[in-house]
Every structure is written in structure tokens, then in C-alpha cells.
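This report describes a molecular structure, part by part. Please keep the sequence and the model in view while reading.

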Amino acid sequence: MPDESPLPADQREQLVAYLDGELAEEEARRVERQLAGSEAARREVQFLARTWDLLDLLPRRQPPGELTEQTLSQIRAESLHPGDWRGRVGRWARRGGFVAAWAGSLAAAAALGFAAVRAFRPSPSEQLLNDLPVIENLTEYQEIGSYEFLRALYEADFPLEEMPPESADDQDV
Amino acid sequence: MATLSDTTGKQYAVRDPDVRFMLRVQQDDDPGAFAHLMETYQGRVLALLEHLLGDPELAEDLTQETFLRVYRSRKTYLPSAKFSTWLFTIVNNLALNAARSRGRRREVAIEGRDSGPLGARPLEQLAQVTSGQLPARQLEKAELRDMVRHAVEALGERQRMAMLLNKFEQMSYADIGEVMGMSPMAIKSLLSRARSNLREILEPYMNADDRRR
């Protein structure tokens, strides 16, 4: 009774490669020895070969006549207008470019606004630096109490730094 | 002094007449040479794409796209392989992209629905179905052809591609590997599995054919 058990995968690979003429001479001889001694291997080869032959039944229609002409026309068109073959890519690029232009304009407007605000409005630290002389002498200015008197001192170039510091006694009064 | 690639290119140009035609397209934009390449390969590319994708219209579009790509890339063409190997690499890439985008659309479209009489069924299931359907009467050739077509469609994409290149283009494992970006050993294994799967599905029909004789 013939052995019906399936062949191991590696043996089947060798049989298929043998049928395809892909084995080196030594390997092919080994497969032939196996075939001579194994009914299962012979059956397997027979089935594999017949299955392969059945593929000849697959329909193979001739390409439609206009296919060649359409392809050649397109090539002629592309040769005349080399940019045209990128039509689809171009369309997408154009669409993308439109959106990118809008986004770019918005971003540029925002950047311009930010720069303008920065240029015309001093930053808090700049403001502090400008006011520093006043802040340093604030106590003295508050003690003088009169804006007109301060102006008169300024116009007379009176050095406020030389004013005597407040004494503890004064503070107590 | 000739570089290695120059030497390889010359070897292919000497051995493969289609490489010479392609070089004429490259150097002179020779329309006759390009037309010759189209006439030689168009039908073969179309048949392969039809069996691969099962969609005649898409196969025609991709056949046209294949030759447009050949023409567009003529200036950068390097004869580092047989012309057919280079051509079918383009076909393989186009087919894979088409199958991927179609797969994505189909995933959404058929979710939760039956995929049809013989569409997208596992091999074991397909083998059982075909075996169960086996009629006592003789199989007509047209029916057998349909069964073969369904069996081919039931294979995975890579198995199908390797099988079609091997069967109809008589490509070696090394050339198929170059087209598909795989090693010859991987192709050997892939083709063995493809043939086993086909055998599993078609064996009942071969037995019926035997009984008929």
C-alpha cells in the first residue's frame, strides 16, 4: 500500500526546485534517487506538475489595440510639455501651495504685529531702567513733597545725592 | 578604465537584446525602440497584472502606467539586470501599491459583510468548498478554468506574484528574487508553498479528471 503521509516541507521544496530546474547537479541526483525509492515522492511530483500545467488554462487576453496608442500619445504629450506628466502631483502641489500661501500670510501678519508691538512699546525691564534714577531717589522726592520745588532744584542743578540722610531722631518726630 | 557597473552593463547589453532597445530609447529617445519594447511586453504585463489583481480595468491602467514609468526613467536607466527583470520590478511595485490602497478601501467597504462566493477565503475553506461542490458530471473546461482562477486568487499576493513570474515569464528564482526584493532561498520556499496550496485546492479536480479518463 502506498505511503499517503505528506512529505516534509523541506523535501517538497526540493521537489519543486527540481521541477523548476533550479537544483545543482548533485542535488538533482539526490532528488532523483529519492524519487526512485519513494512512491509518495513520485506521487507528489506528479501532482505538483499537473497542478502547474492547469495554470495554462488561465485566460490570457490580448491587450486592447488602443492601449499602445494611448500610451504613446501620452508619451508624445509629455515630450512636448514635460511638466504635464506631473499633472496629478502638480494639482496636489497647487492645492497645497494655496493652503500654504494662506497659512504663510497669516503667520507673516502675526509676526509683523508682534514686532510692531515690541518696537513701539518698551518692555517692562526697559521701563524699569528708564525709571531707575527716580526709583533710587524716591524717598527724597517724597520728602520734598512739592513738584515746583523739585523742578527748581533740578533747574539749579542741585545734587539730590548730597542731601543729608534722615536721622533716626527725625524719623521719630 | 571601465568600472564594474560599466562591465556589467555591457554584459547585459550583449546578452539581452531588450537592454539594447532600452539603451536606444535612453540615448536617442528612439520611438521605434520603445514601441518594440511595448509590443514585446505589453501583453505579458497586462496578463500578469490581471491575474495578480483580478481587475481588468485596473490592470490596463497599471500596464499603461508601467510603460510611462519606463519612458520617464529612461535617462536614469542602468542596465544592471535583464530588461525584463527591471520591467517586472516596476510592475511589482505598482501592483503592490494598488493592492495596498485597494485593500484599505475594501477593509472599510466589506466590514461585517460576506465577501462573496469565493472571495478572500482561507485556503482550507476554499479547498473544502471546491471539494464539496465537485459534481458527479464531467467538469467542463470553462468550469475548470474558473476553479483554477479562484485557486490562484486564493493565494497570498507574494505567492501569486512569484508563481506568475515563474510560470509565465519562466523567470529563475534569482530573477524573481530581484523583482520582489527577496533572496532566491526565500523564493524557493514561497514557490513551494504556492504550489502546495494550489495542489490542495485543485487536487479534487485532478481526481475528477482522472475518473473521466
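Helices and strands are runs assigned by DSSP, with a helix having at least four residues and a strand at least two, and they are numbered from the N terminus. Read in this way, chain B follows the order α-α-α-α-α-α-α-α-α-α from its N terminus. Its secondary structure amounts to 10 helices and zero strands. The model is predicted, and the values below are computed from it.

**Chain B as a whole**

Chain B has 213 residues, of which 51% count as buried. Its exposed surface is about 10700 Å², and carbon and sulfur atoms supply 50% of that area. Among the contacts in chain B between residues at least 6 apart in sequence, 67% join residues at least 24 apart.

**Helix α4 of chain A**

Helix α4(A) comprises residues 65-80, which makes 16 residues. From its first C-alpha to its last it reaches 24 Å, close to the expected 22 Å. Which residues of α4(A) are buried? They are Leu67(A), Thr71(A), Leu72(A), Ile75(A) and Glu78(A). Because these residues cover an arc of only 125 degrees around the axis, they lie on the same side of α4(A). On the other side of the helix, Gly65(A) and Leu80(A) are exposed. The buried residues of α4(A) pack against two helices of chain B, namely α3 (31-53) and α4 (56-72).

**The largest nonpolar core**

The largest nonpolar core holds 80 residues. Those that touch the most other members are Leu55(A), Phe34(B), Phe88(B), Met163(B) and Met180(B). The element that gives the most to this core is α3(B), with 11 residues.

Met180(B) also belongs to helix α9(B), where it is buried. Its contacts, not counting residues up to four places away in sequence, are Asn92(B), Arg158(B), Met161(B), Ala162(B), Ile187(B) and Leu190(B).

**Helix α9 of chain B**

Why is α9(B), residues 173-180, described as largely enclosed by the rest of the structure? Six of its eight residues are buried, and therefore the description applies. The buried residues are Tyr173(B), Asp175(B), Ile176(B), Gly177(B), Val179(B) and Met180(B). After α9(B) comes Gly181(B), whose phi is positive, near 65 degrees.

**Two buried residues with charged names to compare in the model**

The table sets out Lys167(B) and Arg74(B) side by side.

| Residue | Relative accessibility | Polar partner and distance |
|---|---|---|
| Lys167(B) | 12% | backbone oxygen of Trp52(A), 3.1 Å |
| Arg74(B) | 14% | side chain of Asp29(B), 2.7 Å |

Lys167(B) is part of helix α8 (residues 157-168) of chain B. A residue is buried when its relative accessible area is under 20%. Lys167(B) therefore counts as buried, at 12% relative accessibility. A polar atom of its side chain lies 3.1 Å from the backbone oxygen of Trp52(A). Leaving aside neighbours within four places in sequence, Lys167(B) is in contact with Trp52(A), Asp53(A), Leu55(A) and Asp56(A). One of these, Leu55(A), was named above among the residues of the core that touch the most other members.

Where is Arg74(B) found? It is in the loop between α4 and α5 (83-109) of chain B. Arg74(B) counts as buried because its relative accessibility is 14%. Its side chain makes a polar contact of 2.7 Å with the side chain of Asp29(B). Not counting residues up to four places away in sequence, Arg74(B) touches Met22(B), Val25(B), Gln26(B) and Asp29(B).

Methods: Residues are numbered from 1 along each chain as its sequence is written. Chains are lettered from A and ligands numbered from 1 in the order in which they are written. This is a predicted model: local features need pLDDT of at least 70, side-chain atom pairs count only at pLDDT 80 or more; totals for chains, interfaces and linings use all residues. Side-chain values use heavy atoms; hydrogens and water are left out. The expected span of a helix is 1.5 Å times one less than its number of residues. Buried means under 20% relative accessible area, exposed over 50%, partly exposed in between (1.4 Å probe, protein chains only). The arc is that of the directions from the helix axis to the C-beta atoms. Contact means heavy atoms within 4.5 Å. A nonpolar core is a set of buried Ala, Val, Leu, Ile, Met, Phe, Trp, Tyr and Cys residues joined through side-chain atoms within 4.5 Å. A polar contact is a pair of N or O atoms within 3.5 Å; within protein, one must be able to donate a hydrogen and the other to accept it, and residues adjacent in sequence count only if both atoms are side-chain atoms. Accessible areas come from the Shrake-Rupley method with a 1.4 Å probe; for residues, only the protein chains shown count as cover.
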